[in-house]
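Hi,

Here is the structure I said I'd pass on. Have a look at it first, and my notes follow underneath.

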Amino acid sequence: MAKRGEYKLLISILNRGMGSEMEKLLSARGVYCSAVAMGTGTAGGEILQWLGLASKDKDVAMALIRGDIAQEVMRMAEDIFSLTVSGSGIVFTVPLASLCGRKSIDLIEGRRV
């Protein structure tokens, strides 16, 4: 279990058009700091297959989330987006060593700044 105050960067690479659905999932779990960008990959067919991606056109959703909900959100995303099916996308987290400033933390936790 994550320590109180620990944050992670959650990154999901999903089929084009699914980024808004990911934002809905994040919002339902109280995640208020997220963004979605359209991505176009350059990987060849072998790399796409290895990563489990079917097409080069993807939505890349990123969010700062509390460490204590990271596994739950990833499991929910796996179910909703069928991420165990090849070509559906991937989701992973990157631990953040630190966040600076009370206002930054307030923003991430959805408090008025």
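Confidence is lowest in helix 2 (residues 45-51), with a mean pLDDT of 70, and highest in helix 3, at 95. This is a predicted model, and over the protein the pLDDT averages 83, with 79% of the residues scoring at least 70. Where pLDDT is low, the predicted coordinates should not be read in detail.

Helix 1 (residues 19-28) is where I spent some time. Its buried residues are Gly 19, Met 22, Leu 25 and Leu 26. They sit on the same side of helix 1, because they cover an arc of only 115° around the axis. That fits the usual geometry: an α-helix has 3.6 residues a turn, so residues three or four places apart point the same way. Lys 24 and Ala 28, on the other side of helix 1, are exposed.

What do the buried residues of helix 1 pack against? Four strands and a helix: strand 1 (7-15), strand 2 (34-40), strand 3 (57-66) and strand 4 (89-95), plus helix 3 (70-80). Just after helix 1 comes Gly 30, with a positive phi of about 85°.

The other thing to check is Lys 8, which lies in strand 1. Lys 8 is buried but has no salt bridge. The nearest side chain of opposite charge is Glu 6, 4.7 Å away, whereas a salt bridge needs the charged atoms within 4 Å. Leaving aside residues up to four places away in sequence, Lys 8 touches Ala 63, Leu 64, Ile 65, Gly 67 and Ala 70, and also Thr 93, Val 94, Pro 95 and Leu 96.

Cheers

Note on methods: Residues numbered from 1 in each chain as written. Predicted model: local features only at pLDDT ≥ 70, side-chain atom pairs only at ≥ 80, totals over all residues. Heavy atoms only, no water. Buried < 20%, exposed > 50% of the residue type's maximum accessible area, 1.4 Å probe, protein only. Helix = DSSP H or I, 4+ residues; strand = E, 2+ residues; numbered from the N terminus. Arc of directions from axis to C-beta. Contact = heavy atoms within 4.5 Å. pLDDT = per-residue confidence, 0-100. Lys, Arg positive; Asp, Glu negative; His and termini not counted.
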